[in-house]
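Biologist: Could you take me through one part of this model up close? I'd like a single connected story rather than a tour of everything.

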Number of protein chains: 2
Amino acid sequence: MALTVRVDRGYTRVLARAAGQGQALARVLASVLAYCLLASTLARAEAAGVAVLPSWQAGPARDAIVAFVEQVTREGASTYVAPAERIATFDNDGTLWSEQPVYFQLLFALDRLRDLAPQHPEWKDTEPFKSALVGDLDGLKATGMEGLMQILMASHTGVTTDEFAAAAGQWLKDSRHPQTGKAYTEMIYQPMLELLDYLRANDFKVFIVSGGGIDFLRVFAEAVYGVPPEQVVGTTLEAHFELRDGIPTLMRDPKVSLVDDKAGKPVGIYRHIGRRPIFAAGNSDGDLQMLQYTTIPRDAGDTTPRFALLVHHTDAEREYAYDRKSAVGKLDAALDEAPSRGWLVVDMKKDWRRIYPDA
Amino acid sequence: MALTVRVDRGYTRVLARAAGQGQALARVLASVLAYCLLASTLARAEAAGVAVLPSWQAGPARDAIVAFVEQVTREGASTYVAPAERIATFDNDGTLWSEQPVYFQLLFALDRLRDLAPQHPEWKDTEPFKSALVGDLDGLKATGMEGLMQILMASHTGVTTDEFAAAAGQWLKDSRHPQTGKAYTEMIYQPMLELLDYLRANDFKVFIVSGGGIDFLRVFAEAVYGVPPEQVVGTTLEAHFELRDGIPTLMRDPKVSLVDDKAGKPVGIYRHIGRRPIFAAGNSDGDLQMLQYTTIPRDAGDTTPRFALLVHHTDAEREYAYDRKSAVGKLDAALDEAPSRGWLVVDMKKDWRRIYPDA
């Protein structure tokens, strides 16, 4: 162990000296050394009984992640990034948990509509509610984005923020996935949980940046992912403050403040985080701009190491297989752009030893 | 030292047992014990050479703060609050730094307008720009809130977020206060810096929640207050994402997304933090709703200890003296409400041993 440490310090000195002799040389050298050190890092960790990303197959995907983290955490290296700047952003649907046959939050919205229907007899005869209440997804689809927004507003607003959180929490507790029979919060990806922990152990600050509703996510993100409410960014509705019988209360209003999807994701990052991430993970074209924003090209004068990955759903047996033509979680433009931008495409079937945590 | 620790543990056991015998008794007992322990805490800290809030005068204001922190951090006590829930929110203008004769950000806006004027010859003859450019504050005032918004938009938008941050950073570096000759970032309150540190040392997560612009604040909040960008909430403008020559960029748009003042402060807290704070500090009626939201009344069924304070500007000699009739930082309704809600009113002249840090 002592020897290894001494050798590492030797590399650091070489790197520091190289940095003095020109950025380009230093960068090349740093990459070479990072990859050389990788094997010893993994070997050392495993010798010490600490598995690194144990649910990831040994191979290029895992190696690329570990090499990146090595680069930015090695003090004295030209690739070192101070902890305050180690911002990592993760999409949720399809990246941290499953999203088929449809986003879980939509299932919540439909169940909640059914609960609220007795107070709204007019819904029986009015679209999109009529289709929604009988579970006619094709009929609902025919009402388009406008219909979907009406469902969202009717099921998600007109209550206090505390009432909404209680309803969502109860639903997550009581409901089961129609195909797997699991609780939705059990359909999270074990390899990604390990990745969150691995980054945090290396002083990254991890945020969720999701097209899903910020309040829906906050109900479970801390317990399930270890991500506190203040590190959750998502699609946001307006709210207003009022004193209700003297009690300071926030009411949810039927107006969108931020659609945190596609080009809205960098805007959400800017609003909530105020720094450009150095690590981003997504799985669909909804994440394209977040990944672009994170991996600003080198020719923009930026020399910070940056990393992005796409979870590619290739495992019809253990989860789902879909990409370019999927109605939910379509991965097309981002998949095309991945090679030229250097994004890691994680092949769920090949790269993950398991999908969900043990029950 | 060993003895003191044993005594503390004894108190903890008493508290735990009392909690089992009824909430009301436990709460009374906890308050009494917290105050009894306070003296020993301060004595111990000072004996160990660690001054607690050294720029605060010894007395009721400092004692109240220390007693609250003792309450929520004492493990096993019924008043204990888990670190994740220890959210503290601070206003900025008039609470962390000075705000007279006018909010410093407005001075930045006016200086920036002058820099941009050559590209806008029409401003010479159009209000509110005409008044703004010649420094006619009365003329500017006559254009009302609408005029002020035009100044804000013209000086704060139409650039990338990086360009804006660079301009604000340069201004903060170059500019001096018209009355003190100090840099604006030197006009911060030493007692409040110590309070931020004291809370953080006790595992509070500290946020700024300001009516000022979120991006302006983020330029200096980390260096000056130790508050990272992701813990700054402020008035927010819209922005949009675009690829500029292939470089992922955010452009600032002339539309307000959130006015983080008055009833907007609880909304900003809800959007960015997603939890109700247990500690809030302000100095004006702009903070009234934040303080109400933080100190939810006990009869709402909430038993968490909660604390709020108002900085009362009473020191015309060392800083400024103003409250109910001030055009900037008016403190009127909140001052009236303080006694019944149990908010601490900090008397700057009596409670602070000094105002600004040593140069």
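Modeller: One bit of vocabulary before we start: two residues are in contact if their C-beta atoms, placed from the backbone, lie within 7 Å. Keep in mind, too, that this is a predicted model. Let's zoom in on helix α8 of chain B, residues 161–174. That's 14 residues, reaching 20 Å from the first C-alpha to the last, close to the 20 Å expected at 1.5 Å a residue.

Which residues of α8(B) are buried? They are B:Phe164, B:Ala167, B:Ala168 and B:Trp171. Look down the axis of α8(B) and its buried residues fall within an arc of 95 degrees, so they line one face of the helix. The background is simple: an α-helix has 3.6 residues a turn, so residues three or four places apart point the same way. Now flip to the face of α8(B) turned away from the buried side, and you'll find B:Asp162, B:Gln170, B:Lys173 and B:Asp174, which are exposed.

And what do the buried residues of α8(B) pack against? In chain B, their partners are α4 (104–116), α7 (144–156), α10 (214–225) and β4 (247–258).

That last partner takes us on to chain A. Between the two chains, 32 residues of chain B are in contact with 32 of chain A. On the chain B side, β4 supplies at least two residues, and so does each of β3 (232–244), α11 (264–272) and α12 (288–294). The largest share, six residues, comes from β3(B). Sorted by class, the side of chain B that touches chain A has 19 nonpolar, nine polar and four charged residues.

How values were computed
Residues numbered from 1 in each chain as written. Chains lettered and ligands numbered in written order. Predicted model: local features only at pLDDT ≥ 70, side-chain atom pairs only at ≥ 80, totals over all residues. Helix = DSSP H or I, 4+ residues; strand = E, 2+ residues; numbered from the N terminus. Expected span 1.5 Å × (residues − 1). Buried ≥ 20, exposed ≤ 12 C-beta atoms within 10 Å, placed from the backbone. Arc of directions from axis to C-beta. Nonpolar A, V, L, I, M, F, W, Y, C, P; charged D, E, K, R; others polar.
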